[in-house]
Amino acid sequence: MRVKQINESRKLIVDGFYSLLRKKNYTEVSMSDIAQEAMVSRMTLYRHFDSKENIFRYDISIAFKSIVDEFNKMSNKDLRSLIYIRNVMMHQNKKIKSILQNEYLQDILSEFLKNNNRVFIEELFELKEIDKYQVMFVNGGISQITNNWIMNNMDKTPEEITNIIMDIVEMVL
């Protein structure tokens, strides 16, 4: 029961945070505003999160876990599948518009994706004899293309952006 209550409180807080981001700039949102919007006490808010940034980090880590879970269900675990799943989930994320409107959150998301992509890419390429510098180059390229796609309001479908990324990766490798 306690875990369910914790998860419900966190969901209220995250939802309140994004609700405010649709109305205000990130810098204008206070922790008190978030507590009020989420209809939780400030004590409850601070019990779960000590900053706005950590609310965002928590949310993207939950989203990334969903991507990992989907990827692990697949029988064909390759780079294309991983990138495609990630792109689809990002494209479906209703909160992405709030993130797009804030440069600080974009930077946090970019860094998070770059770090987490690296782990997957290294694992996927471990089976092949690929130089670590090629892995770093591929990771950086994927991160830059993804960031650009996000900044351009995801102007291409997940399938199209995945194909663009994979065409470049295949040229490099």
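These legends describe close-up views of a predicted model.

**Figure 1. Overall fold of the protein, built from nine helices and zero strands.** The order of elements from the N terminus is α-α-α-α-α-α-α-α-α. Measuring along the principal axes, the C-alpha trace spans about 55 × 35 × 25 Å. The protein has 173 residues, of which 43% are buried. For contacts between residues at least 6 apart in sequence, 63% join residues at least 24 apart.

**Figure 2. Aromatic cluster of Phe17, Tyr18, Tyr26 and Tyr104, linked by ring pairs.** The whole structure contains five aromatic pairs. In the pair of phenylalanine 17 with tyrosine 18, the ring centres are 5.3 Å apart and the planes stand at 70°, so the arrangement is edge-to-face. Phenylalanine 17 also pairs with tyrosine 26, again edge-to-face, with 6.3 Å from centre to centre and 90° between the planes. Phenylalanine 17 is buried because its relative accessibility is 0%. Tyrosine 18, at 2% relative accessibility, is buried, and tyrosine 26 counts as buried at 9%.

**Figure 3. Lysine 52 and the ring of tyrosine 26.** The charged end of lysine 52 is placed over the tyrosine 26 ring, at 4.2 Å from the ring centre. The ring belongs to a residue that is buried, since the relative accessibility of tyrosine 26 is 9% and the cut-off for burial is under 20%. Tyrosine 26 is also one of the residues of the aromatic cluster, together with Phe17, Tyr18 and Tyr104.

**Figure 4. Packing of helix α5 against helix α9.** Two packed helices are described by the angle between their axes and the distance between the axes. For α5 (residues 79-92) and α9 (residues 158-172), the axes come within 9 Å and cross at roughly 145°. The crossing is right-handed. From α5, the contact is made by Leu79, Arg80, Ile83, Tyr84, Asn87, Val88 and His91. From α9, the residues in the contact are Pro158, Glu159, Ile161, Thr162, Asn163, Ile165, Met166, Val169 and Glu170. Sorted by class, the residues of this contact are nine nonpolar, four polar and three charged.

**Figure 5. Helix α2 and its surroundings.** Helix α2 covers residues 31-38, and its buried residues are Met31, Asp33, Ile34, Ala35 and Ala38. The elements that cover these buried residues include α1 (2-21), α3 (42-48) and α4 (52-73). Methionine 39 follows α2 and has a positive phi, near 60°. Most residues other than glycine have a negative phi.

**Figure 6. Asparagine 153 and methionine 154 in the loop between α8 and α9.** Asparagine 153 is not a glycine, yet its phi is positive, about 60°. Methionine 154 likewise is not a glycine and has a positive phi, of about 50°. The helix that precedes this loop, α8, spans residues 132-151. Which of these two loop residues is buried, and which is partly exposed? Asparagine 153 is partly exposed because its relative accessible area is 48%, a value between the limits of 20% and 50%. Methionine 154 is buried, as its relative accessible area is 9%.

**Figure 7. Histidine 48 in helix α3 and its contacts.** Histidine 48 has a relative accessible area of 15% and is therefore buried, the limit being under 20%. Apart from neighbours within four places in sequence, histidine 48 is in contact with Ile6, Ser9, Arg10 and Ile13. Helix α1 covers residues 2-21, and these four contact residues have numbers that fall in that range. Helix α3, to which histidine 48 belongs, is also among the elements covering the buried residues of α2.

**Figure 8. Aspartate 15 of helix α1 and isoleucine 121.** Aspartate 15 is a residue of helix α1. Its relative accessibility is 33%, so aspartate 15 counts as partly exposed. Isoleucine 121 is 106 residues away from aspartate 15 along the chain, and the C-alpha atoms of the two are separated by 31 Å.

Conventions
Residues are numbered from 1 along each chain as its sequence is written. This is a predicted model: local features need pLDDT of at least 70, side-chain atom pairs count only at pLDDT 80 or more; totals for chains, interfaces and linings use all residues. Side-chain values use heavy atoms; hydrogens and water are left out. Rings of Phe, Tyr and Trp (its six-membered ring) pair if their centres lie within 6.5 Å; planes under 30 degrees apart count as stacked, over 60 as edge-to-face and the rest as tilted. Buried means under 20% relative accessible area, exposed over 50%, partly exposed in between (1.4 Å probe, protein chains only). A charge sits over a ring if NZ of Lys or CZ of Arg is within 6 Å of the ring centre and within 35 degrees of the ring normal. Axes are lines fitted to C-alpha atoms, for helices over the stretch in contact, and angles run from 0 to 180 degrees between N-to-C directions. Helices (H or I, at least four residues) and strands (E, at least two) are DSSP runs, numbered from the N terminus. A crossing is left-handed if the near helix is turned anticlockwise from the far one by less than a right angle, and right-handed if clockwise. Contact means heavy atoms within 4.5 Å. Ala, Val, Leu, Ile, Met, Phe, Trp, Tyr, Cys and Pro count as nonpolar, Asp, Glu, Lys and Arg as charged, and the others, Gly among them, as polar.
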